[in-house]
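Colleague: I want the reasoning behind a few labels. Can we go through them one by one?

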Amino acid sequence: MDFSTLKYAYAVSGGIGSGKSTACRILMQLGYAVLDCDEIAHSLLEIHQKEVAELFDIGLDQNGTLDRLALGKIVFASSLKRQKLEAFLHPLIAERLWKACSVLEKKQTIYFVEIPLLFEHFHRFNFSHTILVYAPKEVQILRLMERNALSEEEALQRLYAQMPIDEKIQYAEIVFDNTQTQEKLKMQILDWLGGVAAKSL
């Protein structure tokens with residue numbers, strides 16, 4: 001699977017709380033197809049709950065359901081355990097994502113793939129076209145605390161589990177600044193899409 005061969009795919013990433021999902025919602029509202037790697041990961045966790053529970057010694061409830069909150073606390077507290085989960089899930093995610101992208105490529109129109117850890121795992125998800133949704137660290141922390149009801153310490157722990165967003169910006173082909181309002185983010189996206197459309201004429 002060589003994602004760099006995909007002609008119409010744009011991988012969308014960012015930092016936690018930077019607004020990549022907001023950008024992807026805007027793109028969907030504009031009629032574009034968006035594949036979500038988080039949704040794929042959640043689906044795979046449903047299928048492989050028993051294996052993941054055994055990997056991390058987490059019990060399943062009486063319905064055989066994995067405690068995702070407990071799993072999240074474990075992997076965000078330990079880089080080794082996070083790598084262990086990624087080593088299990090990422091090959092499965094890549095396989096399913098490749099199949100979905102192959103279908104969309106046949107339509108010969110641009111589409112988007114939301115990948116939270118794109119730049120951390122670019123060796124596996126090596127898309128030719130990359131978009132970063134940017135927000136500074138201070139904004140990320142505030143959004144995380146508000147959205148996920150986290151303490152500042154918990155928000156920082158999750159932030160430090162990823163590559164710093166100011167480092168990611170160096171690798172992105174396209175950058176949308178989401179420091180301010182969703183409307184301003186949408187305007188940037190529309191301006192960029194207009195440029196893409198003009199180039200294709």
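Modeller: Start with the largest pocket of this predicted model. Helices α1 (20-29), α2 (37-47), α4, α5 and α6 (137-148) each supply at least two residues of its lining.

Colleague: Which helix gives the most to that lining?

Modeller: Helix α4, with seven residues.

Colleague: How much space lies in the largest pocket, and which residues are closest to its centre?

Modeller: About 1300 Å³. The lining has 42 residues, and Ile16, Asp38, His42, Phe76 and Pro116 are the closest to the centre. By class, the lining splits into 17 nonpolar, 14 polar and 11 charged residues.

Colleague: Why is α4 called oblique to α5?

Modeller: The axes of α4 (residues 68-77) and α5 (residues 79-105) cross at roughly 120°. Roughly perpendicular covers 65 to 115, and roughly antiparallel needs over 145. The angle fits neither class, so α4 counts as oblique to α5.

Colleague: What makes the contact between these two helices?

Modeller: The axes come within 5 Å. From α4, Leu71, Ile74, Val75, Phe76 and Ala77 meet Ser79, Lys81, Arg82 and Leu85 of α5. The residues of this contact are six nonpolar, one polar and two charged.

Colleague: Histidine 90 next. Why is histidine 90 counted as buried?

Modeller: Histidine 90 sits in helix α5. Its relative accessibility is 10%. Buried means under 20%, so histidine 90 qualifies.

Colleague: Which residues does histidine 90 touch, beyond those up to four places away in sequence?

Modeller: His121, Arg124 and Phe125. Threonine 22 lies 68 residues from histidine 90 along the chain, and their C-alpha atoms are separated by 23 Å.

Definitions and conventions
Residues are numbered from 1 along each chain as its sequence is written. This is a predicted model: local features need pLDDT of at least 70, side-chain atom pairs count only at pLDDT 80 or more; totals for chains, interfaces and linings use all residues. Side-chain values use heavy atoms; hydrogens and water are left out. Axes are lines fitted to C-alpha atoms, for helices over the stretch in contact, and angles run from 0 to 180 degrees between N-to-C directions. Helices (H or I, at least four residues) and strands (E, at least two) are DSSP runs, numbered from the N terminus. Angles under 35 degrees count as roughly parallel, over 145 as roughly antiparallel, 65 to 115 as roughly perpendicular and the rest as oblique. Contact means heavy atoms within 4.5 Å. Ala, Val, Leu, Ile, Met, Phe, Trp, Tyr, Cys and Pro count as nonpolar, Asp, Glu, Lys and Arg as charged, and the others, Gly among them, as polar. Buried means under 20% relative accessible area, exposed over 50%, partly exposed in between (1.4 Å probe, protein chains only). On a 1 Å grid over the protein atoms alone, a cavity is a set of points where a 1.4 Å probe fits but cannot get out, and a pocket is an open set with protein on both sides within 12 Å along at least five of seven lines; lining residues have an atom within 4 Å of a point. Grid points are joined across faces, edges and corners, and a volume is the space filled by probe spheres set on the points.
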